[in-house]
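Reader: Hi! Could you walk me through this one?
Author: Happy to, here it is.
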Amino acid sequence: MNAEDLRTLCKGPVIDAGDAQFRDALHGNLWNRLIPDRAPRMIVKVADEDDIIATVKFARAHGLKVVVRGGGHNWCQPTLRNGGILIDLERLNRILSIDVEHRRAVIQPILSNREIQTALNAHGLAFPTGHCPQVKASGYFLGGGMAWNPTVWGYGTESLEAIELVTAEGTLIRASESENADFFWAARGAGSGFFGIVTKYVLKLHPLPKAIHGSQSFYRLADAPAVGTWLGQAAPAISPSVELTLFLVQAPPALADRAAGSNGWVCMVTATAFEDDPEAARRALQPLDDAPVEPLSRSRVTPLDFEQLFDASGALFPEGVRSRVEATYSDHCPGAVMAAILPAWQRAPSAISVFLTTIFCGPHVPGPQRDMARSITAKIYGGPWTMWHDADADAVNAEWHRTVTAVLKPFNVGYYIGETNTVEQPEIVAQAFTPEKWRRLCDLRDRYDPDRVFFDYFDGLTAEPSREVG
């Protein structure tokens, strides 16, 4: 059994661990440049569903496990496993159809958030994509789909109508709420432990909001607890059409002098109203003018489009950096969270790190549980995105990140499986689900992948990301 045997079955390239191009194929499209020393025996860059089926059947026949890579954006690199076959979907990157009349689209898994919105917005349509412009549909949906306009559109997974996938038996099936429902349930939120390979997504689309307006305010870092307390108290009365986020970031150049006493850090509050009428958008944002402390600056941006939203979001999470992330849910007051982390945050070793807290607006937060693997709902979501450039700074940033996450742990009610370090902290995998959903997910894996063809959350991993390999 060798790569040559599999090459006879696949149209796409099969790259063996001994091939000269193996290292680039393995690491070239990974978002996080903090790359661990884990590697499969071979990589298949599949050309289509037939290649996926052939590879899964080949793995079964030879006692090998498979792992699936979508866009390579998951921060803890769960697609890097020791041994087995890596199935890379990067060539499955087309929009297959857009039905404007029935508001439906069919896409392959390697379409980015930005690409999806750009194609749909041209038709006056939208989809609850994620915020980071480069993230691909594959990992986004498996993680559950933390979306724009979340309290109106819901999570991205809530606007999925159906999927097509290859099972552990190497069979191509369609899954929805009415057919192969177990697979559809698990694919919406199971993360890297899903026991299938999704090849198509059928999207339920939404009308593009006609008035997307935004506001941005900066406050002194010391005022972050007061600002967070105010926002937490105000959020239930703010329109659900408003997406509200509190950040800790480095001050923009115009405010750098005023932030010098806090090592350049400031509190930034952004709000985006997704409305159809400019006056409704203005009213929705008006409560953000009533802060209990004076801002360093305040601005309104009207109107906005998704290109601008992606540009702003993408600027917070630059490419080519080394990263550690832990995204959690909490029902605590965001002011209390801010007060707890400020002492550590002022000592942050990297100026490009970001603390993000999304505060869900409207009277019905947290919302009800949905019938899918994605589980946790709460009043706020977020955590530290620790980012830096140089390998020499790995140790100091890792230690600081652990300090911040330890401070936050008493506030956590659960984790977001798509944006947290389940490799180094395998015990938190189950905490991304309610106990009932975790048991069901484990039972479904036993039923549909009893031979463990797919790597699960824990197999083939080493504990510590160590170095950049490039």
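Reader: Thanks! Where does helix 3 lie?
Author: Helix 3 (residues 49–61) lies across strand 2, strand 3 and strand 4, and runs at about 170° to strand 4. Helices (H or I, at least four residues) and strands (E, at least two) are DSSP runs, numbered from the N terminus. Axes are lines fitted to C-alpha atoms, for helices over the stretch in contact (heavy atoms within 4.5 Å), and angles run from 0 to 180 degrees between N-to-C directions. This is a predicted model, where local features need pLDDT of at least 70, side-chain atom pairs count only at pLDDT 80 or more, and totals for chains, interfaces and linings use all residues. Residues are numbered from 1 along each chain as its sequence is written, and side-chain values use heavy atoms, with hydrogens and water left out.

Reader: Cool. What order do the strands of the sheet have?
Author: The open sheet has four strands in the order 1-2-4-3, with mixed pairing. Strand 1 (14–16) and strand 3 (66–69) stand at the edges with a single partner strand each, so one side of each has no neighbour in the sheet. Two strands pair if DSSP finds at least two bridges between them.

Reader: And in which sense do strand 2 and strand 4 pair?
Author: Parallel, over four bridges, between residues 42–45 and residues 85–88. Met42 stands opposite Ile85, and Ile43 opposite Leu86. Strand 3 also pairs with strand 4 in the parallel sense, over four bridges.

Reader: Switching topic: are the strand 4 side chains buried or exposed?
Author: Ile85 and Ile87 point one way, Leu86 and Asp88 the other way, and all are buried (under 20% relative accessible area with a 1.4 Å probe, protein chains only; exposed is over 50%, partly exposed in between).
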